[in-house]
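Visitor: Please take a close look at the largest pocket of this model. A formal account would be welcome, one that sets the pocket among the elements around it.

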Amino acid sequence: QFGSLDLRKYYKIIVYKTIGHGDETSILIQTDREIQDGGYGMIGRELISINPYKGNRLQLSGYIKTENVSNQAGLMLRVDGVGSNNELAVDDMSDRAPSGSTDWQRFTLVLEIPEDVAVRGIYYGFYLAGSGKAWVDDIQFDVVSEDVPVTDLLPAIQATRVANDAAETAVTQQLIF
């Protein structure tokens, strides 16, 4: 279990045995507390073997159902290179994650797994940001063709970081003078 360190105790992650997409079993993340922006609970794992995916497009798909989600719920897929803070690709569905109350919907995340760069790990997970209930079911990994578009959000995230750093530098320079 992952999540905001000070809020982790408020999120429950359980195997739910009465609601599922393809059957009656799914994973549920929930909290009854009102969680402010930035708070989340998550369950995550690392793919054991990355070699079959190197040089390919990896698709993570799954079905998500939500109930009274105040912020969003979604899947996450990340490829890390060797070294600290070395993300090579990431998709956390922040641009399309469901919120409120929704019925089962299928979501896909597609990342390019580089062949010529040292990959440290491929990580995936399911999260609930804010309060409410979110279920996930039928998680599946597939190698897909280059015709399937990549959903990598890292370029947009990096552009935002650069813009924020530039704005922070400008404010700091103004404060100094």
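The account below begins with the pocket and then turns to its surroundings.

Guide: The model is predicted, so local features need pLDDT of at least 70 and side-chain atom pairs count only at pLDDT 80 or more, whereas totals for chains, interfaces and linings use all residues. Residues are numbered from 1 along each chain as its sequence is written, and side-chain values use heavy atoms, with hydrogens and water left out.

The protein has one helix and 10 strands (DSSP runs numbered from the N terminus, helices being H or I of at least four residues and strands E of at least two). From the N terminus on, the elements run β-β-β-β-β-β-β-β-β-β-α. Of the 177 residues in the protein, 40% are buried (under 20% relative accessible area with a 1.4 Å probe and protein chains only; exposed is over 50%, partly exposed in between).

The largest pocket has a volume of about 510 Å³. A pocket is an open set of points on a 1 Å grid where a 1.4 Å probe fits, with protein on both sides within 12 Å along at least five of seven lines, and lining residues have an atom within 4 Å of a point. The volume is the space filled by probe spheres set on the points.

The largest pocket is lined by 22 residues, and those closest to its centre are Y40, M42, M76, R78 and D92. Strand 4 (40–46), strand 6 (72–81), strand 7 (87–91), strand 9 (119–129) and helix 1 (154–176) each give two or more residues to this lining. Strand 4 gives the most, with five residues. By class, the lining of the largest pocket holds 10 nonpolar, six polar and six charged residues (nonpolar: Ala, Val, Leu, Ile, Met, Phe, Trp, Tyr, Cys and Pro; charged: Asp, Glu, Lys and Arg; polar: the others, Gly among them).

Strand 4 and strand 9 also take part in the second largest pocket, where strand 3 (26–31) and strand 10 (132–144) likewise give two or more residues to the lining. The volume of the second largest pocket is about 210 Å³. Its lining has 13 residues, and I27, I43, Y124, V136 and I139 lie nearest its centre. Strand 10 supplies the largest share of that lining, four residues. The lining of the second largest pocket divides into seven nonpolar, three polar and three charged residues.

Strand 3 and strand 10, which help to line the second largest pocket, belong to an open sheet of five strands in the order 2-3-10-5-8, with antiparallel pairing (strands pair if DSSP finds at least two bridges between them). Strand 2 (12–16) and strand 8 (100–112) are the edges of this sheet and have a single partner strand each, so one side of each is left without a neighbour in the sheet.

At one edge, strand 2 pairs with strand 3 in the antiparallel sense over five bridges, and K12 stands opposite Q30 in strand 3. At the other edge, strand 8 runs antiparallel to strand 5 and is joined to strand 5 by 10 bridges; here G62 stands opposite F107 in strand 8. Strand 5 also pairs with strand 10 in the antiparallel sense, over 10 bridges. In that pairing I64 has V136 as its bridge partner, and V136 is one of the residues nearest the centre of the second largest pocket. Strand 5 (residues 57–69) is mostly covered, with 10 of its 13 residues buried.

Strand 5 contributes to the largest nonpolar core as well, together with strand 6, strand 8, strand 9 and strand 10, each of which gives two or more residues. Such a core is a set of buried Ala, Val, Leu, Ile, Met, Phe, Trp, Tyr and Cys residues joined through side-chain atoms within 4.5 Å. This one has 33 residues, and L75, L77, M93 and I122 have the most contacts inside it. Strand 9 gives the most to the core, with seven residues.

Three further residues complete the account. Most residues other than glycine have a negative phi. N85, however, has a positive phi near 50 degrees; it is found in the loop between strand 6 and strand 7 and is exposed, with a relative accessible area of 81%. D138 also has a positive phi, of about 55 degrees, although it is not a glycine. D138 is found in strand 10 and is partly exposed, at 32% relative accessible area. D95 lies in the loop between strand 7 and strand 8 and is exposed, with a relative accessible area of 54%. D95 and L153 are 58 residues apart in sequence and, C-alpha to C-alpha, 8.6 Å apart in space.
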